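Subject: Structure handover and notes

Dear colleague,

I am passing on the structure we discussed, together with some notes on what turned up in it. Please have it open while you read.

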Amino acid sequence: MTLRVETILGENLVAGFNAAGTIKKGLPSGAYTSDDFFRLEQEKVFQANWSLAGFAHELPSPGDARPGMLGGVPIVAIHGHDGRIRVFHNVCRHRGLKLVDKPCSGKKRITCPYHAWAYGLDGQLLMAPHFGGIGKREVDGFDYADHGLKEVRSEIWQDWIFVNIDGGAGDFQEFLAPLKDYIGDLNLATATPILEMDSGVVNANWKFLTENFAEPYHVPVVHPETAAGQPLKDHYMIKDRNLVGCGINIEGDLHDLQPPEEKANGRLCLDISAWYLVLFPHFNFFVYFSDDTHVYVMLNTPLSPSQTHQRRVIYQLGGEVPDQETRDAWRKLNEDVIREDWDMAERLQEGRASPAISDGGIMSPAWEVGEHGFDELIMAAVSR
Ligand code: FES
Ligand SMILES: [Fe+2]
């Protein structure tokens with residue numbers, strides 16, 4: 001049985017979060033620590049919405065398949081012979097074995113390693129060997145057509161595969177609209193992946209990472225060197241429907257990352273106009289503006305209330321792909337920024353064991369508007 005959010009977090013704390021006033025509270029601590037809340041969130045946030053499931057460029061050819069987890073549910077994306085990428089529940093229809101356990105390519109069919117049921121790349125069951133006895137694949141009352149892989153509702157926008165597990169989310173274009181409206185004529189058609197990073201597992205709830213991403217208040221404190229060129233005063237807040245975040249407009253000319261001679265001194269830093277956008281629930285999309293604008297997409301996968309896996313892909317919009325040395329320098333800069341943010345996220349997680357902060361703390365009305373907007377979307381989703 002699904003518990004109500006008030007039962008999990010406490011009636012008073014939920015009321016406190018929802019209370020009107022200039023100074024807003026954050027989500028009660030149970031939202032970051034409770035197993036019950038985690039289950040509720042998997043269902044009502046990740047399964048019930050359009051959620052980022054993966055990157056289409058990782059399945060470039062027919063016969064490519066890539067497994068993943070979304071909302072606690074095993075899924076698999078398969079590139080079919082017809083050129084379409086479909087997403088399925090990643091379970092064999094015979095006894096429920098997880099079908100694909102690592103990325104693979106060149107498949108003509110997907111064969112279960114347990115009793116060798118075989119599925120076409122479009123999900124159809126092709127073969128259930130010896131199901132009715134030796135050499136007997138057909139059995140009365142068993143229809144192959146009823147036992148194909150179960151498809152999950154999915155849509156691909158640019159390089160990004162979105163999935164709605166429970167099938168009940170609204171129109172996909174409506175979901176995308178706030179982001180599309182915001183980015184206007186940013187030309188994503190030319191986006192080429194130039195760097196991929198698997199940062200591993202952070203010991204923090206996924207929401208701490210998103211909240212941190214959506215607020216600039218910490219930037220001068222946590223990233224005094226790595227983001228030395230992004231002063232707090234130049235930031236602004238973003239909140240529109242299911243889109244939240246912040247942006248920064250560097251006064252004067254748009255800067256670029258520092259020139260190569262500076263990199264040699266280890267002084268590469270962010271000094272660039274940018275958007276940090278979250279399309280609820282977890283499409284983290286950031287843009288760094290320069291002559292060769294870059295788009296980052298970050299995929300946070302919650303593993304438990306206190307553990308999150310993080311990957312990111314960096315795209316360049318047009319222009320020449322930077323050389324290996326430059327990409328290595330970016331990777332290093334990203335790793336440094338990530339470590340600085342993760343240290344804070346892990347300490348937030350530790351702090352939430354204290355009863356002194358069970359009401360969620362408070363938010364700056366100037367700088368944590370996007371962050372609070374995200375928390376409101378979480379609360380609305382789990383209350384539904
Ligand atoms: S569980 Fe897959 S063939 Fe038996
Ligand atoms: Fe940060």
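In what follows, two strands count as paired if DSSP finds at least two bridges between them. Please keep in mind that this is a predicted model.

With that criterion, strand S15 (residues 283-288) and strand S16 are joined by 5 bridges and run antiparallel, and a hairpin of 5 residues leads from S15 to S16. Within this pairing, Phe 286 stands opposite Tyr 296 in S16. On its other connection, S16 is joined to strand S17 (residues 307-317) by 10 bridges, again in the antiparallel sense, and these two strands form a hairpin with 2 residues between them; here Pro 302 is found opposite Thr 308 in S17. Of the 11 residues of S16 (residues 294-304), 10 are buried, so the strand is largely enclosed by the rest of the structure.

A separate group of 6 strands forms an open sheet in the order S2-S10-S9-S5-S4-S3, with antiparallel pairing. Strand S2 (51-55) and strand S3 (65-70) each have a single partner strand and stand at the edges, so one side of each is left without a neighbour in the sheet. Neighbouring strands of this sheet are turned against each other by 30 degrees on average, direction ignored. Helix H5 (residues 172-183) packs on the sheet, where it touches strand S9 (151-157) and strand S10 (160-164), and its direction makes about 20 degrees with that of S9. At the S3 edge, S3 pairs with strand S4 (residues 73-79) over 6 bridges, and Ala 65 stands opposite Ile 78 in S4.

As for the aromatic residues, the structure holds 28 aromatic pairs. In one of them, the ring centres of Phe 286 and Tyr 288 lie 6.1 Å apart with the planes at 75 degrees, so the pair is edge-to-face. Phe 286 counts as buried because its relative accessibility is 4%, and Tyr 288 counts as buried at 7%. One aromatic cluster includes Trp 50, Trp 157, Phe 172, Phe 283 and Tyr 315 among its members.

Finally, helix H6 (residues 206-213) has 8 of its 8 residues buried, so it is largely enclosed by the rest of the structure; among these buried residues are the charged-type names Lys 207 and Glu 211. Asn 205 caps the N-terminal end of H6, with a side-chain oxygen 2.9 Å from the backbone nitrogen of Lys 207, while the charged end of Lys 207 sits over the ring of Tyr 32, 4.9 Å from its centre.

With best regards

Key: Residues are numbered from 1 along each chain as its sequence is written. Chains are lettered from A and ligands numbered from 1 in the order in which they are written. This is a predicted model: local features need pLDDT of at least 70, side-chain atom pairs count only at pLDDT 80 or more; totals for chains, interfaces and linings use all residues. Side-chain values use heavy atoms; hydrogens and water are left out. Helices (H or I, at least four residues) and strands (E, at least two) are DSSP runs, numbered from the N terminus. Axes are lines fitted to C-alpha atoms, for helices over the stretch in contact, and angles run from 0 to 180 degrees between N-to-C directions. Contact means heavy atoms within 4.5 Å. Rings of Phe, Tyr and Trp (its six-membered ring) pair if their centres lie within 6.5 Å; planes under 30 degrees apart count as stacked, over 60 as edge-to-face and the rest as tilted. Buried means under 20% relative accessible area, exposed over 50%, partly exposed in between (1.4 Å probe, protein chains only). A charge sits over a ring if NZ of Lys or CZ of Arg is within 6 Å of the ring centre and within 35 degrees of the ring normal. A polar contact is a pair of N or O atoms within 3.5 Å; within protein, one must be able to donate a hydrogen and the other to accept it, and residues adjacent in sequence count only if both atoms are side-chain atoms.
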